[in-house]
Amino acid sequence: MSGANARPTVLVVEDDAVIRCAAVELIVEAGFTVREATNGNEAIRMLDQEQETGGTVCVVVTDIDMPLGIDGIKLAACIDRRWPRIGIVITSGKVRPSPGDIPTDGLFIRKPYTEECLVAAIRSVMP
């Protein structure tokens, strides 16, 4: 696929398989390419690999409450520092971020979100 016809890539980081699959389906139906990670550590490894291979992830959608030490807030801060051109959408149905937890150009949306809300959030943080 040529660069002109390439679909933007979104990385979905969600430990709950049902929620992750539903989000992936919504995002694919909206015309994006999707990659998946089950936790923050996996997401960082994927983004490192993407950078080495000229990857195309333009937005990360991440849950806040995840296992293995790197929650969505820490992941967003890492992405903002290491890959500032990647847009960030943070989601949660349990935790509400404190002021300063979300990078300046990032967004928070509450679960459960609608397809329209998720897609609008992704589009609004795209570089």
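Phenylalanine 108 sits in strand E5, and it makes a convenient entry point to this predicted model. With a relative accessibility of 18%, below the 20% limit, phenylalanine 108 counts as buried. Beyond the residues up to four places away in sequence, phenylalanine 108 touches Ile64, Ile90, Thr91, Ser92, Val95, Arg96, Pro97 and Ile102. One of these partners, proline 97, is 11 residues away along the chain, and its C-alpha atom is separated from that of phenylalanine 108 by 7.8 Å.

Following the chain onward from strand E5 leads to a loop and then to a helix. Proline 112 belongs to the loop between E5 and H4. The peptide bond that joins lysine 111 to proline 112 is cis, with omega near -5 degrees. As general background, most peptide bonds are trans.

Helix H4 itself covers residues 115–125, and its buried residues are Leu118, Val119, Ala121, Ile122 and Val125. Viewed down the axis of H4, these buried residues fall within an arc of 160 degrees, so they line one face of the helix. The spacing of such a pattern can be understood from helix geometry: an α-helix has 3.6 residues a turn, so residues three or four places apart point the same way. What do the buried residues of H4 pack against? Their partners are four strands, namely E1 (9–13), E3 (57–63), E4 (87–92) and E5 (107–110), together with helix H1 (17–29).

The pairing of H1 with H4 can be described further. In general, two packed helices are described by the angle between their axes and the distance between the axes. For H1 and H4, the axes come within 10 Å and cross at roughly 65 degrees. This angle makes H1 roughly perpendicular to H4, and the crossing is right-handed. On the H1 side, the contact is made by Ala23, Leu26, Ile27 and Glu29, while H4 contributes Glu115, Leu118, Val119 and Ile122. Sorted by class, the residues of this contact comprise six nonpolar, no polar and two charged. Leu118, Val119 and Ile122 also appear among the buried residues of H4.

A second helix pair is formed by H2 (residues 40–52) and H3 (residues 72–82), which pack at an angle of about 15 degrees with their axes 10 Å apart. H2 is therefore roughly parallel to H3. The crossing of H2 and H3 is right-handed. From H2, the residues in contact are Gly40, Ala43, Ile44, Leu47 and Asp48, and from H3 they are Leu75, Cys78, Ile79 and Arg82. The contact of H2 with H3 has six nonpolar residues, one polar residue and two charged residues.

Aspartate 48, found in helix H2, gives a closer view of this pair. Is aspartate 48 buried or partly exposed? A relative accessible area of 25% makes aspartate 48 partly exposed. Apart from its neighbours within four places in sequence, aspartate 48 is in contact with Arg82 and Trp83. Arginine 82 is 34 residues from aspartate 48 along the chain, and the C-alpha atoms of the two are separated by 9.6 Å.

On the H3 side, alanine 76 lies within the helix and is buried, with a relative accessible area of 0%. Once neighbours within four places in sequence are left aside, alanine 76 is in contact with Ile88, Ile90 and Pro103. Valine 89 is 13 residues from alanine 76 in sequence, and the distance between them in space is 8.5 Å, C-alpha to C-alpha.

Two further residues complete the tour. Aspartate 63 lies in strand E3 and is buried, with a relative accessible area of 6%. Its contacts, not counting neighbours within four places in sequence, are Val13, Glu14, Asp15, Gly72, Thr91, Ser92 and Lys111. Threonine 38, in turn, is found in the loop between strand E2 (33–37) and H2. At 32% relative accessibility, threonine 38 counts as partly exposed. Leaving aside neighbours within four places in sequence, threonine 38 is in contact with Glu14, Asp15, Arg20 and Met66. Threonine 38 and aspartate 15 are 23 residues apart along the chain, with their C-alpha atoms separated by 4.5 Å. Glu14 and Asp15 thus feature among the contacts of both aspartate 63 and threonine 38.

Conventions: Residues are numbered from 1 along each chain as its sequence is written. This is a predicted model: local features need pLDDT of at least 70, side-chain atom pairs count only at pLDDT 80 or more; totals for chains, interfaces and linings use all residues. Side-chain values use heavy atoms; hydrogens and water are left out. Buried means under 20% relative accessible area, exposed over 50%, partly exposed in between (1.4 Å probe, protein chains only). Helices (H or I, at least four residues) and strands (E, at least two) are DSSP runs, numbered from the N terminus. The arc is that of the directions from the helix axis to the C-beta atoms. Contact means heavy atoms within 4.5 Å. Axes are lines fitted to C-alpha atoms, for helices over the stretch in contact, and angles run from 0 to 180 degrees between N-to-C directions. Angles under 35 degrees count as roughly parallel, over 145 as roughly antiparallel, 65 to 115 as roughly perpendicular and the rest as oblique. A crossing is left-handed if the near helix is turned anticlockwise from the far one by less than a right angle, and right-handed if clockwise. Ala, Val, Leu, Ile, Met, Phe, Trp, Tyr, Cys and Pro count as nonpolar, Asp, Glu, Lys and Arg as charged, and the others, Gly among them, as polar.
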